[in-house]
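User: Could you take a close look at one part of this model, the packing between a helix and the strands beside it? Please go residue by residue and keep the cut-offs explicit.

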Amino acid sequence: MQATITLEYSDVKMAEAVAKAVSPDNLKVPFGLKIHTVNDGCKVVTDVICEGTLATFTATIDDLLFSASTAEKTLQTVKQQI
């Protein structure tokens with residue numbers, strides 16, 4: 001199974017920050033799972049390749065989107081404080 005998830009932001013700094021926030025998830029993954037996240041201008045692009053179960057695949061995507069959402073909310077809160 002394979003998926004490419006693209007998240008688009010209004011500015012490059014936000015995209016860079018979200019990419020950095022979710023990138024640690026790329027480091028340690030179970031056997032048969034590959035995750036690669038890059039920042040491309042105002043976009044964060046993540047490729048997920050899973051040779052395991054559908055449950056692992058969907059849980060990985062869910063974790064990625066949850067992490068990105070958490071990063072977005074944190075960055076918005078910090079922006080409001082400045």
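Analyst: The side chain of Thr46 makes a polar contact with the side chain of Thr37 at 2.9 Å, a polar contact being an N or O pair within 3.5 Å in which, within protein, one atom must be able to donate a hydrogen and the other to accept it, and in which residues adjacent in sequence count only if both atoms are side-chain atoms. This is a predicted model, in which local features need pLDDT of at least 70 and side-chain atom pairs pLDDT 80 or more, while totals for chains, interfaces and linings use all residues. Residues are numbered from 1 along each chain as its sequence is written, and side-chain values use heavy atoms, without hydrogens or water.

Thr46 belongs to strand S3, where strands are DSSP runs of E with at least two residues and helices are runs of H or I with at least four, numbered from the N terminus. Thr46 counts as buried because its relative accessible area is 2%, the classes being buried under 20%, exposed over 50% and partly exposed in between, with a 1.4 Å probe and protein chains only. Leaving aside neighbours within four places in sequence, Thr46 is in contact (heavy atoms within 4.5 Å) with Ala3, Thr4, Ile5, Ile35, His36, Thr37 and Leu64.

Thr37 also leads to helix H1, since Ala19, which lies in H1, touches Thr37, Asn39 and Val44 once residues up to four places away in sequence are set aside. Ala19 is buried because its relative accessibility is 7%, and its C-alpha is 6.5 Å from that of Val38, although the two residues are 19 apart in sequence.

The buried residues of H1 are Met14, Ala15, Val18, Ala19 and Val22. They lie on the same side of H1 because they cover an arc of only 130 degrees around the axis, taken from the directions from the helix axis to the C-beta atoms. Their cover includes S2, S3 and H2, whereas the face turned away from the buried side carries the exposed residues Lys13 and Lys20. At the start of H1, a side-chain oxygen of Asp11 comes to within 3.2 Å of the backbone nitrogen of Lys13.

Val18 extends the picture towards the core: beyond four places in sequence, Val18 is in contact with Tyr9, Val44, Ala68, Ala71, Glu72 and Leu75. Leu7, Tyr9, Val18, Val44 and Phe57 touch the most other members of the largest nonpolar core, which has 19 residues; such a core joins buried Ala, Val, Leu, Ile, Met, Phe, Trp, Tyr and Cys residues through side-chain atoms within 4.5 Å.
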